[in-house]
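Work through the exercises below with the sequence and the 3D structure at hand. Each task is followed by a worked solution.

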Amino acid sequence: MIRKYVSLAQMSMQNSIAYRSSFIINIVGSLLLLVSMMYLWKAIYAERTEVGGFTWEAMKAYLLITFISNSVLSFTSEGRIAGKIRDGSVSLDLLKPLDFQKARFSETLGTSLFEGTVTIVLTILVLALFSGVQMPVGFTAWILFAISLLAALLVKFGVVYLAGLCCFWTDSFYGISLARAAITNLLSGALAPLAFFPDWLKSLCLLLPFQGIVHIPASIYLGQASSMEAVRMVAVQLIWGVVLWLLGKLLWNIAVKKVTIHGG
């Protein structure tokens with residue numbers, strides 16, 4: 001059974017490589033946004049050594065982590081999930097001996113392997129352009145950061161999958177995607193570190209799953225949490241990943257009742 005999902009991941013990666021134009025357009029847009037944000041924050045730090053507890057070196061690292069998080073699971077994966085629902089091909093998936101959610105996750109992993117490789121290359125180029133980026137201290141910090149990034153992918157997939165299933169009730173996936181992106185970017189800390197938020201909004205964000213997409217990986221990377229606290233943060237990511245996965249199963253069981261195949 002696992003081989004089937006591995007095959008899906010491989011085919012998804014091959015498709016991403018074959019039809020890479022869309023991804024390249026998206027990644028170039030994200031890269032331009034990253035460079036723009038770099039120069040914007042560089043201007044803010046021109047006469048300051050620290051803003052909200054972040055040095056310029058730390059802020060550059062934070063922006064790179066945001067770029068990586070947003071690029072590894074791009075609109076390509078999100079559009080694929082919703083596309084099956086909108087064009088009706090989801091009815092064919094119901095006939096296959098595969099779990100719809102696991103199949104979409106496998107495809108996302110396959111796409112992310114390609115997107116992740118390209119993102120790493122681009123990140124290295126940005127590092128060459130903006131020198132003096134803060135790095136994690138110690139091998140343990142690197143390991144915890146890597147695990148946190150993988151957990152962030154699981155959390156983001158959960159959010160994207162739930163948003164995609166909303167297409168069972170509406171044809172406006174573009175609107176759903178924009179709303180999802182706006183909420184995710186704000187509450188995850190992708191637009192600005194949660195430390196810059198008002199206390200009430202920061203407290204709210206720390207209760208929601210979105211923190212696991214940017215805030216937690218960045219906090220671990222920047223050494224803003226001890227080793228034990230970092231382990232706790234990763235555990236929070238994994239718990240939210242499981243919760244979102246279960247919510248996805250629940251919403252799928254409700255939504256799939258709206259599918260009609262040959263009048264039955």
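**Exercise 1: a bridge between distant parts**

The side chains of Asp-99 and Lys-249 form a salt bridge, 3.4 Å from N to O. The model is predicted: local features need pLDDT of at least 70, side-chain atom pairs count only at pLDDT 80 or more, and totals for chains, interfaces and linings use all residues. Residues are numbered from 1 along each chain as its sequence is written, and side-chain values use heavy atoms, with hydrogens and water left out.

Task: state which parts of the structure this pair ties together.

Solution. Step 1: a salt bridge requires a side-chain nitrogen of Lys or Arg within 4 Å of a carboxyl oxygen of Asp or Glu. Step 2: Asp-99 lies in the loop between helix H5 (90-93) and helix H6 (100-129), and Lys-249 in helix H11 (residues 227-255), so the pair ties together parts 150 residues apart in sequence. Helices (H or I, at least four residues) are DSSP runs, numbered from the N terminus.

**Exercise 2: bridges within a helix**

Task: find how Glu-107 and Arg-104 are placed in helix H6, and whether Arg-104 is buried or exposed.

Solution. Step 1: their side chains meet in a salt bridge at 2.9 Å, N to O. Step 2: the two are 3 residues apart in helix H6, about one helical turn. Step 3: buried means under 20% relative accessible area, exposed over 50%, and partly exposed in between (1.4 Å probe, protein chains only). Arg-104, at 2%, is buried, and Glu-107, at 9%, is buried.
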